[in-house]
Each structure stands twice: as C-alpha cells, then as structure tokens.
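Hi everyone, thanks for coming. Let's have a look at a protein chain together, taking a couple of its helices in turn.

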Amino acid sequence: MTIILTLLLAPAISQKKKASSERKTKAPLPAAVNPTTTKSPEAKTAVDKLKKTPAKKQKKEPVIVYNEDFVKGEELFVLNKPEEAIAYFEKSLQSDNIDPKVYVYLGVCYYQIEQYDKSLAVCVQGLAKEETDHKILAYNAGNSCYAMGNYMRADASYAIALREDENYSPAVLNRANAQLKLDHLGDAKENYIKYLEIEPETPQREKIEEIIRLLDAEIIRRAKEKPELVNAEFNIENEKMEIPDEPEKVLADEIPQEKKVDEKIPRELVRSVAPELPGEIKEKKPLERVDSEKIAEKKETPVIPELVGPDGEPPYIPPEQLMLAPVVIAKGSETKDTDNLSRNAEKLRLDDDMKRFEEEFRREREEARRAEEARIAAEAEESRRKAAEAERIAEEKRRKAAEEEERIAAQKRALEEERRNLEKARMDAEIEAQKRALEEQQRKMEESMKAFEENQKRIAEENRRKMEEEARLAEEKRKIEEERKAFAAEQQRVMEENRKKIEEEARIKAEEEVRKAEEEKAKKEAEEKAQKEAEAKEAARQEKISKWPSPKLTLDVKGGEKFTPDGDGRNDLVTFKPEVKYLEEPPESWSLEITDPKENLFRTISGSGNLPASIDWDGKSESGEVVVSRNVYKAKLTVVPSEKDRKRTGEMKVEVSEEIHTGLLLEVIVPGHEWKIVVQSIAFDPNAAGFKKVSKEQKLSNAQTLDEVADEIRELAKSGTEVNIIIEGYANNISGSEKEQKEELLPLSQKRAETIVNELIKRGIDPKLLTPKGLGGANPIASQEDQANWWKNRRVEFRINQ
C-alpha cells in the first residue's frame, strides 16, 4: 500500500495498574495533572496554538522518503497492532532510506507494550538525527523515563522539548509533574502557573489552581517548621533547578546512541539544598522529609485527589494529540525539606556557612566524578558483555542455519524417495493395466469365436429356409402366370372403355376452353376495375400524407428509474422502445447516444432502416466502464429520415431525449464476504466537509443516497454475521503534487469521511461498525490528463466486510 496519511489514532495507554501500585507504596502528596482529559478539546486547542506559536529554532522541512517496511509498520500502527508494527519499524531502520518519523512511531509502539526502556532508547537515537522531530521525541522520552520512575531524566527530557518550543503545554505540565516527584515544589508551582497561562481554558484549571494553593501552603508550612534553614537570598538564587547545557547527555545516560559519547562528565544539577546551621560540625544527613514522625504528629499534609476520567479510569489520550503518551501521576512520594522557602526567615550568618557549604559541595562533586567514572567502566564492561552475547547469538543463528540446511536436505531426500516411490507405483500401474488389456483381448477373441460358430449355424438355417422359399416362389410363379392371362383379357376390356372415355373427355375439354375464355375476359375486366380503385386509394393516401405533421419520435425507457447493473439480477438492464411516426419510408439511419452526468459521450448504439422494437443496454460504455451510483445519464435517440421524407418534410433529423437514474451499485469483491459501493454524487460544501452551502436539491439527493446506503448495510447485516464498514473519502489532486495531497486533500477527505459516518449513525447504524478513512487523491479513477472525468475522482467508497 502506498503511504496514506490519515488521522493516526494513538491508542489509549493503560496506566491504571501502575498508578494503583504507586498509591499503595507512597505517602500522599498533591497529585499531578494530566495534560488531556476524556472528551476534551484541550489537545486540539494546544495543537492549534502550537501551529500559531513560532518555535525557538527554525527547523528544516522533514524529508519524505519511501520505505516499504515503514509503510507496512505504519499500517499496523494505525490498526493498533504495536507488536506486529515493531518488527517492520526495526527492519526499516536497517535500510538506507530511513523515514524520520520511524523513531516516533517505534518509540510509541514500545511505550504501548510497556517496554519503556526500549521506547527511551529509540527516542534518544532519533534525537541524534537532524531531520527528526526533536520536540515530540524528547517529550515521549520524558514520558518513558517517568513510567520507569526516573524523574530526573524525565525532567531533562521535557527541558529538551521546551527548548524546541517553550510554549508546548503538555511538556510544561508533565515537567511540573516530574518536578513534584523530585520535591522541587517551587519549580513545579511555576510550571503549573505557566501551563495555566498557555492553556487558560483547560477543564482541569480548578484542580491545578487547588494544587498551586496547596503547594503555597506546603512551602509556608515548611518555612515555619524549619526556620533555621530559611535563607531568602540563597534560596532565591538556588530555587530553580539548573539544567545542563546539553540535557541530551542526562537523557541518554546508559542508553545506546548513534553519536559518539562525550567522555566529559556533565555538570551536576543544582538542587535547592539549604546549608545547615553553623557551629557544631556533624555528618551531613539527608534533609528531613515532610512527613517525619515529629511533623506527622503535629500536622497532616493535605491530600488532593488524583485526576481521573469520567468513568474512573486514567484520562484518555485523544487522537488529536498524535503520539504524545502523557503520564498519569499517582499520589506522589513524600517531599524533601527544601524549595522556595519563605522570605520572612531570619537571615543567617553566611560567611562561615558558605565556606563550609562550598567545601561540602566540592567534595560531593568529586564523589560524583568518581561515580561517573565507575559508571563509564560499568558501561564498557556491559558493552563487552553485549558483544559476547551478540557473538553467541550469531553463533546460535549459524547453528540454526546449519540445522535448517540439514532439514532442507532431509526434505529433499524425502521428496526424492517419494518421487522414486511414485515412479515405481506408476510403472506397477502400467504393468497391471497392460495385463488387464491382454486379458480383455483374450476374452474378446473367445467371444468372437463363439459368435463365428453361432453365425455358421445361422447361415445353415438361412439356406434351409431359402430352399423352402424357392419352392414357394415356383408355386407362386405358376399362379402369377394364370393371373397374367386373366389380366390380359381384363386389359383388353379396359382399353376399350378408355377409348370411349377419351372421346368423352375431349368433348368436355372443348366445352371447358370456351368457359375459361369467358372467365379470362371477366377477370381482366375485374383487374382493370381494381387498378382504378388502387389508384384512387393511393391518391387519397398522398392527400392524407400531405396533411401529416412533422415526424414524431418517442423513446420509452423501461428500468431507468433505479438502474443498478451490478450483476445481482435486479435492475441490471435498461430497455429502450423507440417509435417514429409520420414517415413514408424506413429511416436512412438512427443512433442512440448515452451521455454521463457531465454530458460526456458514454455509449453509442446505431443502425439503419426500420427502428428495432427494443434496445437492451447493460450499463457499460464502449470500453467496458460501468455507470456510477446515484447519478443521471441521458439517452438521446436521433433518426435521419430517407431522402424522400427529408424532401417532403424538410427535416434533416428527428431527436428525442430521456433520463436514466442509477441506484446504488453493490460491487462484489469477495462473494459473501466483501462488497464495495462507490458514490460520486454526494455534494459537500466547497473545500469543507458539511452540507450547509449545498442546494436543497443536493441536500435531498444526499439524504436519499445515505438512506439507501444505510438500508443496504442493514440488509447485509441480517445474516447475523458481524459487518465492518470502512468509509473512504477521495478528492481530486488537480496539481498532482504531494504537497496538495498532504496539506489539503488528506485532511479534507478525512473530515468528509467522518461526516458520512455521523450521517450513517443518525440513520441507526452502530458506530462500532464504521471506520472513516481519508485518502485524498490516492487511487484516481481518471488520470491527470483526463480532465473531463476528474469528477469521478471526487467520491466516497463504502467498503463492507462480513
């Protein structure tokens, strides 16, 4: 199948199980917010805003290439078969012409089957390419990291997406969720506020505002309970988490990349950690958690219910937010003790404390460097292990290939043995057949001998009967001689009687000749009288003809009201019954021309002499093309009178036209299982998918067409077998360009297909049976050069599978 860009329906990714497990193990915190909700137009609004908002970096136009494996994977992805699509996407990555979209598709497929590590690896690999969509890949990478519980890496991924587009609202919201997990309450609060500025109409606004209020209360509570950690100037400087200059390095940690890994250790992220009180030196401990025993005894942390869909399930990902797999965040873990402390704390002595903190920070940095070196060594060891594993797999493949060759050789030997057995069986059968033929020949010889003996007996018996017959004939000859003599005497008597009879007949004949002469004279007189009467009648006819009006031509059409030549035995023929009046002689010639709805010549039937009593038409053109559904064809009968009638009437030709209305043609693709209905007569608003601007007659025609389609679907569904209908919208690519196909025709045809689905649902068809599919200018009926038939490309096809 060629690349068909339809609306890709990103299937909902189930997160209920993960959310429930997190709720069991972690203490309550203000719940994070999902960027989309069920039946919400927010995603579409976000996409529209993203189109209007310029990106921070000017990207190159995506390179469109053709890759057969990618196309197959894309088809399976649209059909919600991620496991099958993965194999084709992985294979397409091995080819030279890689479609940049394959990294997004493959990452989403792995995410759908909950293989988040592989999803992350694919996204990182795509980020190393220049032609790919870095914003979407970074956003999906963040979702995969979030699903694996790596919130630091998720935050870095969302930062990459926001570097591409700082107003990309789903990344802003999910980054706030990740920062909430990391206990960066100030950063989370600012991102929640930024999300509301980008999406002021979000249906989750009240819940997000409630989270912001609770975060403010939590920050103030922490400031009051541990005022010794409050340093306004320090926390203002360190309130925001620092993002590395190259956040891709944080994202790609322990994930294979195509680019060479820079051995330089990335800078550590600056956490909002407040210094301890100066004075007594003690071992550094992690900051106390909010829900420590002392604080828990005094005050409970407020809990915000987790945002869910209307049916209690995690929010559904709408189709408009293509390949963006948002994360539903469960009730968060307990928070740490730092982040945006209130400015009303007492200012501490900073000189000695900052020196101690800087020393402590340098020590931690050295420990991080050593840990990074250990990690790099572990990666090298893991690479060696993977190389050994790859060698083992290659050896296993070679062994399997040898086994397969041995199996094929065994099959060949078995086939050769079977061939020899068949040859032996054939020879045995031939010998047996020859043996039966000899036995049959011997039996026939015995039967011939027996027949010969019986024939001899028969001949002897016939000779005996012949002698008896000769004796009988001699007796009869004697009797005949006696009869001959008697006959001669009788003949003499008859001759005398005949002579007398001849004389009598001569007399009668003479009398008859006299009578015939008299009758001939009377007949001649009668013929002269009849000729005079005929001449009088002809004169009267000519006088009548001179008073005739102009020649009158009529064409009666039978079967032209609902003509459906689809081979089902109903209304498959149209019968024309022509009649012409007021012509003295048969016409010189006649022709029946049938034109299509755009008045292009479709079929011609012609002849000379008298018009036939009837003309049958099977709905096909000269080239075998069949009429289209729900349209009007015109039949024009033209008669050229004889030269005598033309001179008499002055009419060079006589014409009459009639209309033929076609019904729905049900084309059988697979008998009993698959059918197709093609309709070119459904009228839409110009460059739109509605019926608001079409005429009343077109609206009525549209309604009648859709009623007939719904009736046909219900008729096919009476068998009880499940019926699936794909509604395919097509348009005409006037320019023949890929740009027109992608930017104009595909979205338009998809919307028109969805309009037809909605109309069928109004007519009682189960929406589960209907699937809209916009194909734009694909599969044209008329070529780019055949402008007269471009109207046939603008159509709706109903593919019915049972």
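In helix H4 (residues 82-92), the buried residues are Pro-82, Ala-85, Ile-86, Phe-89 and Ser-92. Buried means under 20% relative accessible area, exposed over 50%, and partly exposed in between, with a 1.4 Å probe and protein chains only. Before I go on, this is a predicted model: local features need pLDDT of at least 70, side-chain atom pairs count only at pLDDT 80 or more, and totals for chains, interfaces and linings use all residues. Residues are numbered from 1 along each chain as its sequence is written, and side-chain values use heavy atoms, with hydrogens and water left out.

So where do those buried residues of H4 fall, seen down the axis? They sit within an arc of 125°, so they line one face of the helix; the arc is that of the directions from the helix axis to the C-beta atoms. On the other side of H4, Glu-83 and Lys-91 are exposed. Helix H3 (68-78) and helix H5 (102-112) are among what covers the buried residues of H4, where contact means heavy atoms within 4.5 Å.

By the way, helices (H or I, at least four residues) and strands (E, at least two) are DSSP runs, numbered from the N terminus. The protein chain has 18 helices and 12 strands.

And how much of the chain is buried? Of its 802 residues, 38% are. Now take contacts between residues at least 6 apart in sequence: 72% of them join residues at least 24 apart. That's me done, thanks!
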